[in-house]
Amino acid sequence: MALKAVHVSDVPSLDLVPENPSLSLLNRFPNGLEMSNGGFKLPKFVVIGHRGNGMNVIQSSDRRMRAIKENSIMSFNAASSFPLDFIEFDVQVTRDDCPVIFHDDYIYSQENGNVFGKRIPELCLSEFLSYGLQREAGMEGKVLVRKTKDGRICNWEVEQDDTLCTLQEAFLKVEPSLGFNIELKFDDHIVYEQAYLIHVLQTILKVVMDYAKDRPVIFSTFQPDAAILVRKLQRTYPVFFLTNGGSEFYEDLRRNSLEEALKLCLENGLEGIVSEVKGIFRNPGAVSKIKESNLSLLTYGKLNNVPEAVYMQHLMGIDGVIVDFVQEITEAVADMMKPSKIGEEEELSEGIGKVEGKSKPQFSQLELSFLYKLIPQLLLL
């Protein structure tokens with residue numbers, strides 16, 4: 001379809017005005033999340049399920065990475081059985097304007113030994129849903145394969161498979177108390193026209209406004225212009241900017257450091273940052289700058305599947321983590337938040353942060369200062 005260029009200042013707000021304008025936006029966040037003129041606040045250290053119950057790494061020897069099809073209704077509801085606050089998933093829009101949930105830029109199938117790949121925006125909804133497990137008994141979909149970062153093609157086989165799904169289905173079929181962290185997914189290698197971004201974001205927002213009801217929702221994206229636009233298009237839900245925190249570099253300088261992420265958020269009224277955890281550990285001093293700016297800070301990355309790394313982030317003042325090992329990390333976090341047992345300090349006094357059984361590590365301010373200096377050096381090894 002032809003899209004007319006629109007200046008961002010002319011974009012109308014899509015907010016739904018409540019019948020009683022005195023009602024606070026807090027009503028949108030029944031689980032204690034707060035968004036007001038004073039900023040967005042998370043009431044506690046939150047755990048967020050990555051692509052539901054965890055991402056798929058098909059070639060991994062760890063069965064947990066192949067347990068349930070990622071970004072599926074089955075995975076979302078499996079995650080909801082644990083004390084999670086949110087699930088994170090990726091949304092793209094099909095050629096016929098349907099927001100669907102899928103992470104990769106390309107979806108691949110294999111036929112007669114040949115591999116075919118298409119971008120999600122090139123497909124209509126029926127084509128997208130024709131991949132993988134089908135909804136109707138006896139129907140066979142296109143064989144779904146995945147391309148790894150090193151270019152290998154792997155059959156996308158998991159222990160519990162499920163069909164691909166739409167954003168609307170997620171709102172209708174997933175436990176309503178579970179928050180959604182909706183990543184607005186765009187291809188890193190494409191320079192998008194503003195009109196296209198506006199059209200895609202409006203299409204997604206229409207579904208969110210129609211079906212979210214009282215479900216907590218957070219938007220996030222690596223695409224700086226999309227982050228700015230989705231904030232201009234609505235004021236109901238918080239917007240976080242995703243960054244690798246300097247772990248990778250891009251032509252768009254706004255993506256290359258925590259300092260640039262902080263600047264983008266402050267200049268455009270965004271509520272928070274989601275950083276790759278290594279970016280935080282390499283630059284722990286950025287945490288205080290982000291928090292002093294009244295922004296929330298979340299992290300993602302493989303280290304978030306390690307309980308000790310998660311606890312360290314809690315001590316640093318980070319607001320929450322996106323994790324793959326949902327059961328293990330929710331259990332570890334619940335244990336971390338328990339009051340210290342009598343005599344526990346004596347048990348731990350012989351070593352810095354020594355962990356015995358399920359007791360939580362404890363650190364003095366001097367020890368914490370030492371760790372903040374040590375961790376960036378360890379990441380260089």
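Biologist: How do you know that strand β6 and strand β8 pair?

Modeller: In this predicted model, strand β6 (residues 106–111) and strand β8 (residues 144–147) are joined over two bridges in the antiparallel sense. Pairing requires at least two bridges found by DSSP, so β6 and β8 satisfy the rule. In one of the positions concerned, Ser-109 has Leu-144 of β8 as its bridge partner.

Biologist: What order do the strands of the open sheet have?

Modeller: The four strands run in the order β7-β6-β8-β9, and their pairing is antiparallel. From one strand to the next, the twist averages 40 degrees.

Biologist: Why do β7 and β9 stand at the edges?

Modeller: Each of β7 (114–119) and β9 (153–155) has a single partner strand, so one side of each lacks a neighbour in the sheet. In general, strands of a sheet pair through backbone hydrogen bonds.

Biologist: What makes Lys-69 and Asp-161 a salt bridge?

Modeller: The closest N and O atoms of Lys-69 and Asp-161 are 2.9 Å apart. The cut-off is 4 Å between a side-chain nitrogen of Lys or Arg and a carboxyl oxygen of Asp or Glu, so the pair qualifies. The two residues come from distant parts of the chain, 92 residues apart: Lys-69 is in the loop between β3 and α1, and Asp-161 is in the loop between β9 and β10 (165–166).

Biologist: Why is Lys-69 called buried, and what does Asp-161 count as?

Modeller: The relative accessible area of Lys-69 is 3%. Buried means under 20%, so Lys-69 is buried. Asp-161, at 30%, lies between the limits of 20% and 50% and therefore counts as partly exposed.

Biologist: How many salt bridges does a search of the whole structure find?

Modeller: The search finds 19. Among them, Arg-64 pairs with Asp-62, with the closest N and O atoms 2.8 Å apart. Arg-64 is partly exposed at 39%, and Asp-62 is partly exposed at 24%. Arg-152 also forms a salt bridge, with Asp-150, at 3.1 Å between the closest N and O atoms. In addition, Arg-51, Glu-70, Asp-104 and Arg-146 are joined into one network by salt bridges that share partners.

Biologist: What are Arg-152 and Asp-150 in terms of exposure?

Modeller: Arg-152 has 43% relative accessibility and counts as partly exposed. Asp-150 has 53%, which is over the 50% limit, so Asp-150 is exposed.

Biologist: How do you know that Lys-185 has no salt bridge?

Modeller: The nearest side chain of opposite charge is that of Glu-183, and it is 4.1 Å away. A salt bridge must fall within 4 Å, so this pair does not qualify. Lys-185 is nevertheless buried. It is found in the loop between β11 (179–184) and α4 (194–211). Leaving aside neighbours within four places in sequence, Lys-185 is in contact with Asp-90, Val-91, Gln-92, His-103 and Asp-105.

Biologist: Which residues have the most contacts inside the largest nonpolar core?

Modeller: They are Ile-182 and Phe-219, in a core of 73 residues. Helix α4 gives the most to this core, with nine residues. Apart from it lies another core of 14 residues, including Leu-123, Tyr-131, Val-158 and Leu-164.

Biologist: What does Phe-219 touch?

Modeller: Residues up to four places away in sequence are not counted; among those that remain, Phe-219 touches Ile-182, Leu-184, Leu-205, Val-208, Tyr-237 and Phe-240.

Biologist: Which residues of helix α10 are buried?

Modeller: In α10 (residues 326–336), the buried residues are Val-326, Ile-329, Thr-330, Ala-332, Val-333, Asp-335 and Met-336. They are covered by elements including β3 (46–50), α1 (73–79), α9 (307–316) and β16 (320–323).

Biologist: What is phi of Asp-97 and of Lys-213?

Modeller: Phi of Asp-97 is near 65 degrees, a positive value in a residue other than glycine. For Lys-213, also a residue other than glycine, phi is positive and near 55 degrees. Asp-97 is found in the loop between β4 (86–93) and β5 (99–101), whereas Lys-213 lies in the loop between α4 and β12 (217–221).

Biologist: Is Lys-213 buried or exposed?

Modeller: Its relative accessibility is 62%, and exposed means over 50%, so Lys-213 is exposed. Asp-97, at 33%, is partly exposed.

Note on methods
Residues numbered from 1 in each chain as written. Predicted model: local features only at pLDDT ≥ 70, side-chain atom pairs only at ≥ 80, totals over all residues. Heavy atoms only, no water. Axes fitted to C-alpha atoms, helices over the stretch in contact; angles between N-to-C directions. Buried < 20%, exposed > 50% of the residue type's maximum accessible area, 1.4 Å probe, protein only. Lys, Arg positive; Asp, Glu negative; His and termini not counted. Contact = heavy atoms within 4.5 Å. Core = buried A, V, L, I, M, F, W, Y, C linked by side-chain atoms within 4.5 Å.
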